[in-house]
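Please open the structure in a viewer and keep the selection tool at hand. The stops below can be followed in order.

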Amino acid sequence: MNSCLRAQGGATATHRARFPALWCLLLTGLVLALAPGAQAAPAPVPSPAPPESAAGAPFGVQAGLYGLTTLTGGHFGYALKAGARIEDSAVVYNESDEARTFHVYGADVANAAGGGLAPAQEGQQMRAVGAWLKLDSEATVTVQPKSRATVRFSLAVPDGTPPGSYLGSLVTSLRTPAVSGGVNTETRIARLVELTVPGTADLQISLTELERRPARGGEEFTVTVRNTGNVLYTLAGTLNITGGSSARTVPLTPTGIYVIPGGSATITGRLADLPALGRRAVTASVTATVPGGTAKTVDSNTVRLSYFPWLTATLAIGGLLALGLLLVITRKRRRAWLRRRAAERTALRALRRELRAGNRRAGDPHEAQAGGAEHP
């Protein structure tokens, strides 16, 4: 029995001795699992890479909050109420091997003559976003080689600003001094600042008269589109041609360009393969589309065209007149020739009669004897 108790006591002691070791292992594993060095390292937040425009260029510009306050292409996009203010920044990359000094400023944006948008030149009077955008530091920043610098700015929308879309730009320029008596050059990168003041959107589009003029063996049509509303939109248009065997369309270019509120853009289409004879009716149809929103289509006046082969007709009429004149002249000459022939025939017949009469008198003997008696 004692031996049994000792055996049980030894087994119990051995069993008890195992529990502290097991708990030690569990606690050690738990400590290691919770230790900072043992935790799985979080995925590093990638730092913004240099913008694509920096590749092969002396510098590049990227939004400081890239992906948060930026649109496609690295442009800035904000929605602010009248009287609101926001702060943001831009990162200027110097990709060259020497220090560069850049000039940064805000500018209004207008529609370019050939389509698209263009920032105002520095020194021009700014009336919208270019005036509302203020730099928090000096406009000139020097960036060391293969380095970058952050330029902070604020955008404050004045009280009473009507709802709508407003467009401006943050311009970064690099001036290169003249070399050997040459001219100064300036490289500019403009990041658009698209501002939306919430309110009722008013999509309005108006067209000027559709105009036409001959061009390279065809007809060229132009129409100017005006944004009379308060929202920014893109436009696309076509020329609709009816008449003849079937209707067809011709695209107006450029297409997909932005038109800012109060701005305008001129689009052009060319009509070739004109018929030699017939009539055509041409109308311009323009569709304005708010990015991510509604669309509106407006038609212009109708230009009616009449085609007639005037040159061919003129040549044909001239040929007919010449042929008629030739026939008249020929007819007169033929009549004169016929009259001469008739006179000649009459004279010939008279001569023949005279000859026949003379022959008869010479061949009659009684007439000869009578004649001989009369002359001794």
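**The loop before strand 8**

Begin by selecting the loop between strand 7 (140-143) and strand 8 (147-156), where Lys-146 is found. The model is a predicted one, and the values quoted along the way are computed from it. Although Lys-146 is not a glycine, its phi is positive, at about 50°. Most residues other than glycine have a negative phi. Is Lys-146 buried or exposed? Lys-146 has a relative accessible area of 57% and is therefore exposed, as the cut-off for that class is over 50%.

**The four-stranded sheet**

Next, display the open sheet of four strands, whose order is 1-3-8-6 and whose pairing is antiparallel. Which strands stand at the edges? They are strand 1 (59-63) and strand 6 (133-135); each has a single partner strand, so one side of each lacks a neighbour in the sheet. From one strand to the next, the twist averages 30°. Strands of a sheet pair through backbone hydrogen bonds, either parallel or antiparallel.

Now restrict the selection to strand 1 and strand 3 (residues 85-94), which run antiparallel and are joined by five bridges. To inspect one bridge, select Gly-60 together with Tyr-93, its bridge partner in strand 3.

**A cis peptide bond in strand 15**

Move on to strand 15 (residues 248-259), which contains Pro-254. What kind of peptide bond joins Thr-253 and Pro-254? The bond is cis, with omega about -5°. Most peptide bonds are trans.

**A threonine pair**

Select strand 13 (residues 218-227) and pick out Thr-224 within it. Thr-224 has a relative accessibility of 17%, so it counts as buried, the limit being under 20%. Add Thr-266 to the selection: a polar contact of 3.0 Å links its side chain to that of Thr-224.

**A nonpolar patch on the surface**

For the final stop, select helix 3 (residues 310-362), in which Leu-327 lies. Leu-327 has 53% relative accessibility and therefore counts as exposed. Which residues form the nonpolar patch on the surface? The patch consists of Leu-323, Leu-326 and Leu-327, and together these residues have about 300 Å² of accessible area. Showing the surface of the three leucines completes the tour.

Terms used
Residues numbered from 1 in each chain as written. Predicted model: local features only at pLDDT ≥ 70, side-chain atom pairs only at ≥ 80, totals over all residues. Heavy atoms only, no water. Patch = residues over 30% accessible without salt bridge, like charges linked within 9 Å, V, L, I, M, F, W, Y side chains within 5 Å. Areas by Shrake-Rupley, 256 points an atom, 1.4 Å probe, with all protein chains shown as cover. Salt bridge = Lys/Arg side-chain N within 4 Å of Asp/Glu carboxyl O. Helix = DSSP H or I, 4+ residues; strand = E, 2+ residues; numbered from the N terminus. Buried < 20%, exposed > 50% of the residue type's maximum accessible area, 1.4 Å probe, protein only. Pairing = 2+ DSSP bridges. Axes fitted to C-alpha atoms, helices over the stretch in contact; angles between N-to-C directions. Polar contact = N/O pair within 3.5 Å; in protein donor to acceptor, adjacent residues only side chain to side chain.
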